[in-house]
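Visitor: I am new to this structure and should be grateful for a guided tour. May we proceed by question and answer?

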Amino acid sequence: MSDSWIVLLGAPGCGKGTQSEFLASDYGFSVISVGDVLRGGKGTYVEERGRTVGELLDSGELLPDAVILNLVRSELNKLGPKEIGKVLFDGFPRTVGQAEGLSSLAKEFGRDIDLVLNFSVGDDIVVRRILGRYKCAGCGKVFNDFFLHPVVSGVCDGCGGVEFERRTDDNEVALKRRLFEYHEKTGPLARYYSNAGVLVDVDASLSLDDVRDAARNILNKKERE
Ligand code: ADP
């Protein structure tokens, strides 16, 4: 895949994070995952009501656009001249304001948004994926109460560890808010990018491997155009 900036759009739990790792390894993209960066700086105060990043994350609310755009700019500035050509944005933009900000950033860096993969999946599936998921505290292997149990109950298949953890925003109250934010604020981006002629839908209710294949097909087709 030649140089391109790609956005992964989709509800919480649609699998963007996993697919961004696949695409990074399959095509050599640098991934900017805004959620991961935020989780690394949970103690920072971000808004006028004096709430920290961690408090906002745990509530499921979106952070202010200005904070997010500064964060993305600083992540882009960390990339070398070769890396800057192939960037994948996971979990950004999530509002029309952020999409407009990204478009200005792209101009500054002499790039365009070449492709937006819109991962679509019903809320019922998302709820079970998110409320059921947990991971091994040792090696990070992911399991799910509904779909994917360790072979031996309570013992990680990957490393034999017995400590597991859940994301602090993977609970019913925060998820309700995350889904609300997604439908209210991020939903309109599908039309925004469709009007720009760069949106392609991906059925994210399929298995991880099938979604990976679908995404690869889209990128390969784009490359041939
Ligand atoms: P999910 O895919 O479950 O939404 P993320 O790790 O991408 O998980 O994001 C976790 C949280 O980080 C969001 O609920 C939100 O509070 C914050 N966040 C992530 N990306 C953005 C963004 N682009 N704008 C505002 N807040 C964001």
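**The second largest pocket**

Visitor: How much space lies in the second largest pocket?
Guide: This is a predicted model, in which local features need pLDDT of at least 70 and side-chain atom pairs count only at pLDDT 80 or more, while totals for chains, interfaces and linings use all residues. Residues are numbered from 1 along each chain as its sequence is written, and side-chain values use heavy atoms, with hydrogens and water left out. A pocket is an open set of points on a 1 Å grid over the protein atoms alone, where a 1.4 Å probe fits, with protein on both sides within 12 Å along at least five of seven lines. Its volume is the space filled by probe spheres set on the points, and for the second largest pocket this comes to about 200 Å³.

Visitor: Which element gives the largest share of the lining of the second largest pocket?
Guide: Lining residues have an atom within 4 Å of a point, and here they include A99, L102, Y192 and Y193. Two elements give two or more residues each, α5 (96-108) and α8 (188-195); helices are DSSP runs of H or I with at least four residues, and strands are runs of E with at least two. The largest share, five residues, comes from α5.

Visitor: How many residues of each class does that lining have?
Guide: Ala, Val, Leu, Ile, Met, Phe, Trp, Tyr, Cys and Pro count as nonpolar, Asp, Glu, Lys and Arg as charged, and the others, Gly among them, as polar. On this basis the lining has three charged residues, one polar and eight nonpolar.

**The ligand**

Visitor: Which residue has a polar side-chain atom 2.5 Å from an oxygen atom of the ligand?
Guide: A residue is near the ligand if one of its heavy atoms lies within 4 Å of it, and of the 17 residues around it, R39, E61, R94, Q98 and R178 come nearest. Nitrogen atoms of the ligand are also 3.1 Å from a polar backbone atom of L63 and 3.0 Å from one of G91. The side-chain atom 2.5 Å from a ligand oxygen belongs to R94.

**Buried residues**

Visitor: Is E181 buried or exposed?
Guide: E181 is in helix α7 and touches G60, E61, L62 and T186, leaving out residues up to four places away in sequence; contact means heavy atoms within 4.5 Å. A polar atom of its side chain lies 3.0 Å from the backbone nitrogen of L62. Buried means under 20% relative accessible area and exposed over 50%, with a 1.4 Å probe and protein chains only. Because its relative accessibility is 2%, E181 counts as buried.

Visitor: With which side chain does the side chain of D170 make a polar contact?
Guide: D170 is found in the loop between β7 (164-165) and α7, and its relative accessibility is 8%, so D170 counts as buried. Leaving out residues up to four places away in sequence, D170 touches I130, L131, R133 and R178. A polar contact is a pair of N or O atoms within 3.5 Å; within protein, one must be able to donate a hydrogen and the other to accept it, and residues adjacent in sequence count only if both atoms are side-chain atoms. At 2.7 Å, the partner is the side chain of R133.

Visitor: Which elements do the buried residues of α6 pack against?
Guide: In helix α6 (residues 123-132), the buried residues are V126, R129, I130 and G132. They pack against β5 (133-136), β6 (142-144) and α7 (172-186).
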